[in-house]
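This report walks through a predicted two-chain model, moving from one strand pairing out to the sheet around it, and then to the chains and some local details. The sequence and structure come before the text.

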2 protein chains.
Amino acid sequence: MKISCSKQALMNGINIVSKAVSTKSTMTNLQCILIESSLSEIRLIANDIELGIETIIEGTIVEAGKIALDAKLLSDYIRKLPDSEVTIETNANNIANIRCERSKFNIHGTSGDDFNYLPEVEKNRYISLSQFTLKEVIRQTIFSISSQENTKIMTGELFEVSGNYLRVVSLDGHRISIRKVELKESYDSMKVIIPGKTLNDISKILNGGADDEVLLYVTDRHILFEFENTKVVSRLLEGEFYKIDQMLSNDYETKFTINKKEFFDCIDRSTLLISESDKKPIIMNIENSSIYLKIDSSRGDSMNEEIEIKKEGKDLRIGFNPKFLMDALRVIDDEEVDIYMVNAKSPCFIRNADNSYIYLILPVSIAA
Amino acid sequence: MKISCSKQALMNGINIVSKAVSTKSTMTNLQCILIESSLSEIRLIANDIELGIETIIEGTIVEAGKIALDAKLLSDYIRKLPDSEVTIETNANNIANIRCERSKFNIHGTSGDDFNYLPEVEKNRYISLSQFTLKEVIRQTIFSISSQENTKIMTGELFEVSGNYLRVVSLDGHRISIRKVELKESYDSMKVIIPGKTLNDISKILNGGADDEVLLYVTDRHILFEFENTKVVSRLLEGEFYKIDQMLSNDYETKFTINKKEFFDCIDRSTLLISESDKKPIIMNIENSSIYLKIDSSRGDSMNEEIEIKKEGKDLRIGFNPKFLMDALRVIDDEEVDIYMVNAKSPCFIRNADNSYIYLILPVSIAA
């Protein structure tokens with residue numbers, strides 16, 4: 001193989017596929033990037049079995065061929081090169097000679113004959129989204145996946161299509177995050193559970209453009225994301241997702257509207273008096289047209305804040321893990337949020353009028 | 001005490017004095033900031049015995065007084081407040097009531113009666129520098145202090161004034177860094193060794209303005225830096241600094257001029273093939289009008305680079321710890337640097353024509 005391309009194009013490609021390079025495995029190929037050139041295109045591929053990524057980079061092809069190179073060494077080396085043309089030439093011993101201006105490196109690689117290519121994904125079922133929307137729905141739900149491997153399904157997110165709506169759901173046993181977005185067309189119903197790691201990685205690769213499209217193809221076992229010159233294939237999580245509809249409810253006894261930033265900042269300050277080890281909840285008193293947050297720390301320091309609200313229904317005293325409230329408030333872009341509660345033991349809902357976002361958070365039981 | 005000031009002014013003051021808050025000590029006062037208000041000014045003070053910092057902040061004084069508050073809690077809390085007026089009021093039980101808009105915090109403090117004020121520093125001997133110059137000379141020398149506490153003097157830097165010149169020297173047994181700057185006036189000779197930690201901290205507090213002055217007052221045991229509304233007092237390191245003049249020499253057998261960026265980038269790339277554990281030197285062949293860097297890694301990868309130079313004198317093959325070369329090249333602002341060598345076992349000098357900077361680096365012995 002002999003190819004040349006700009007340092008920038010090569011570096012971009014390496015950055016994209018590196019998300020699928022295993023950092024733990026000792027199986028050499030999982031730590032490598034395959035550079036493969038046909039007579040018409042140069043592809044970079046990495047695959048750690050859970051996740052595979054392939055991207056096409058622009059360049060000049062002198063001779064077709066392929067080589068698998070250590071991803072870390074390749075990436076570090078290319079990053080340190082001047083912004084100039086890079087030439088990669090391989091020999092029969094699978095040594096890659098990489099040249100850029102006066103720099104010359106010889107790196108041992110492998111033939112790539114036993115490299116794990118991306119699995120073929122049948123393109124029967126798909127949906128189309130903008131990069132912006134996909135990136136946003138991930139950001140607005142990913143924080144409430146579980147990190148506990150023993151509840152495998154909670155480490156992923158449900159992507160559920162019905163008609164022209166996509167609903168994305170994550171939950172961790174204490175809270176549920178739901179985003180619903182309208183699609184440009186209607187599709188056949190589908191339900192898949194995508195690993196959280198895949199979504200985090202995809203989110204970093206997407207440029208987030210509102211006019212740039214991503215196609216999501218699904219089969220029973222895999223999902224393929226296609227955008228620009230890149231393909232990402234991930235295994236799906238197997239199993240049945242939790243039946244969340246029966247946990248949702250529109251009933252409430254107390255509803256209030258609050259300035260999101262004031263509420264967030266106030267909870268944020270309150271955490272200064274709650275040490276991690278305490279696991280003390282933040283207690284709110286919702287009374288008339290105010291919410292009072294009062295905290296006494298074990299050291300004897302105290303906080304006492306009041307925020308004006310627009311309230312309907314009963315007064316209420318309720319306790320929460322402050323982190324859960326902050327996680328949800330942080331990703332809501334509205335200036336004012338509506339919060340619905342039933343009593344001190346029932347879940348609270350932060351949601352907007354058309355339910356395009358719903359954050360369900362369980363309260364923490366507090367002494368009466 | 002009752003004072004009020006803008007959140008911004010208070011936060012800036014806290015950030016400045018926090019550099020002198022002990023993070024390790026369990027002696028309460030060393031982890032506190034003293035807020036002290038006379039009828040005319042509000043001062044913040046912190047002092048960890050090695051280093052003491054005092055700064056005056058603007059604000060309104062309602063009642064004079066003082067209180068010592070936990071630095072971390074105070075700093076975290078003020079940071080999380082809205083950009084608005086902050087009022088601090090203390091009561092007879094040494095509780096500080098801090099209010100900002102609707103936020104109210106009560107923090108337990110101590111009276112501050114046993115707080116360690118900054119030591120008095122006699123203002124007989126001093127020099128004046130711009131903040132820019134002080135920040136620059138620190139940046140250009142601080143990397144070669146030693147971190148080994150058993151050679152205490154090497155953990156500091158020599159500041160030596162003679163006539164209208166200040167010379168700053170640091171060394172760690174493998175290399176010496178020297179910066180010489182011209183002062184606006186002549187001063188009596190002086191020689192002090194300032195702890196590296198103090199210089200690092202000062203450097204972070206200085207705004208670095210070329211028109212902003214810093215006054216350095218020295219006594220036998222202390223140095224006082226005075227600038228804007230801030231005073232920093234540090235203990236000096238005791239003892240005799242190394243006699244470095246006898247290690248310097250203008251003799252050379254090989255001299256070359258090289259593009260700094262090309263040289264730096266090339267050494268930087270070479271480190272990819274030298275694993276930390278190897279402690280392998282980078283070997284250079286200086287031949288005619290080129291310098292060749294050739295490295296073979298234990299894995300069998302190799303690098304081969306050539307950089308054009310302007311050379312005087314003999315050819316030479318010499319080895320270095322790449323980090324030492326990179327540390328010096330990184331802080332030199334010139335586009336081209338002059339490097340002087342004698343043989344493969346004698347120190348190399350990177351210095352400019354007027355010796356305003358001199359970096360001495362010992363080579364690593366290599367097989368012939």
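## A strand pair and its sheet

Strand S18 (residues 290–296) and strand S19 (residues 302–308), both of chain B, run antiparallel and are joined by seven bridges; here helices (H or I, at least four residues) and strands (E, at least two) are DSSP runs, numbered from the N terminus, and two strands count as paired if DSSP finds at least two bridges between them. Within this pair, B:Ile291 has B:Ile307 of S19(B) opposite. Residues are numbered from 1 along each chain as its sequence is written, while chains are lettered from A and ligands numbered from 1 in the order in which they are written. Because the model is predicted, local features need pLDDT of at least 70 and side-chain atom pairs count only at pLDDT 80 or more, whereas totals for chains, interfaces and linings use all residues, and side-chain values use heavy atoms, with hydrogens and water left out.

The sheet that holds this pair is open and has nine strands, with antiparallel pairing, in the order S5(A)-S1(A)-S7(A)-S8(A)-S9(A)-S19(B)-S18(B)-S17(B)-S21(B). At its edges stand strand S5 (60–63) of chain A and strand S21 (316–320) of chain B, each with a single partner strand, so one side of each has no neighbour in the sheet. On average, and with direction ignored, neighbouring strands of this sheet are turned by 15 degrees against each other; axes are lines fitted to C-alpha atoms, for helices over the stretch in contact, and angles run from 0 to 180 degrees between N-to-C directions. Helix H2 (residues 71–79) of chain A packs on the sheet, where it touches strand S7 (85–90), strand S8 (95–100) and strand S9 (103–108) of chain A, and its direction makes about 175 degrees with that of S9(A); contact means heavy atoms within 4.5 Å.

## The two chains

Chain A is superposed on chain B by a rotation of 180 degrees with 0.0 Å of shift along its axis (RMSD 0.0 Å), the fit being by least squares on the C-alpha atoms of residues with pLDDT of at least 70 in both copies. This is the relation of a two-fold axis, and the C-alpha of chain A nearest that axis belongs to A:Lys204, 16 Å from it. Of the interface residues of chain A, 100% are also interface residues in chain B, so the copies meet through the same surface.

Chain A has six helices and 24 strands, and its C-alpha atoms fill a box of roughly 80 × 50 × 35 Å along the principal axes. Of its 368 residues, 54% are buried, where buried means under 20% relative accessible area, exposed over 50%, and partly exposed in between (1.4 Å probe, protein chains only).

## Helices and an enclosed strand of chain B

The axes of helix H1 (residues 7–17) and helix H2 (residues 71–79) of chain B come within 10 Å and cross at roughly 145 degrees. Residues making this contact include B:Leu10, B:Met11 and B:Ile14 of H1(B), and B:Leu74 and B:Ile78 of H2(B).

In helix H3 (residues 131–139) of chain B, the residues B:Gln131, B:Leu134, B:Glu136, B:Val137 and B:Ile138 are buried. Elements of chain B against which these buried residues pack include strand S10 (125–130), strand S11 (156–171) and helix H4 (196–205).

Six of the seven residues of strand S4 (residues 51–57) of chain B are buried, so S4(B) is largely enclosed by the rest of the structure. The table sets out two of its pairings.

| Partner of S4(B) | Bridges and sense | Residue pair |
|---|---|---|
| S3(B), residues 42–47 | six bridges, antiparallel | B:Leu44 with B:Thr55 |
| S15(B), residues 230–235 | five bridges, antiparallel | B:Leu51 with B:Ser234 |

The hairpin of S3(B) and S4(B) has three residues between the strands, and there B:Ile49 takes a positive phi near 80 degrees.

## Positive phi in two loops

B:Glu101, although not a glycine, has a positive phi of about 50 degrees; B:Glu101 lies in the loop between strand S8 (95–100) and strand S9 (103–108) of chain B and is exposed, with a relative accessible area of 60%. B:Glu228, also a residue other than glycine, has a positive phi near 45 degrees; B:Glu228 is in the loop between S14 and S15 of chain B and counts as exposed at 55% relative accessibility.
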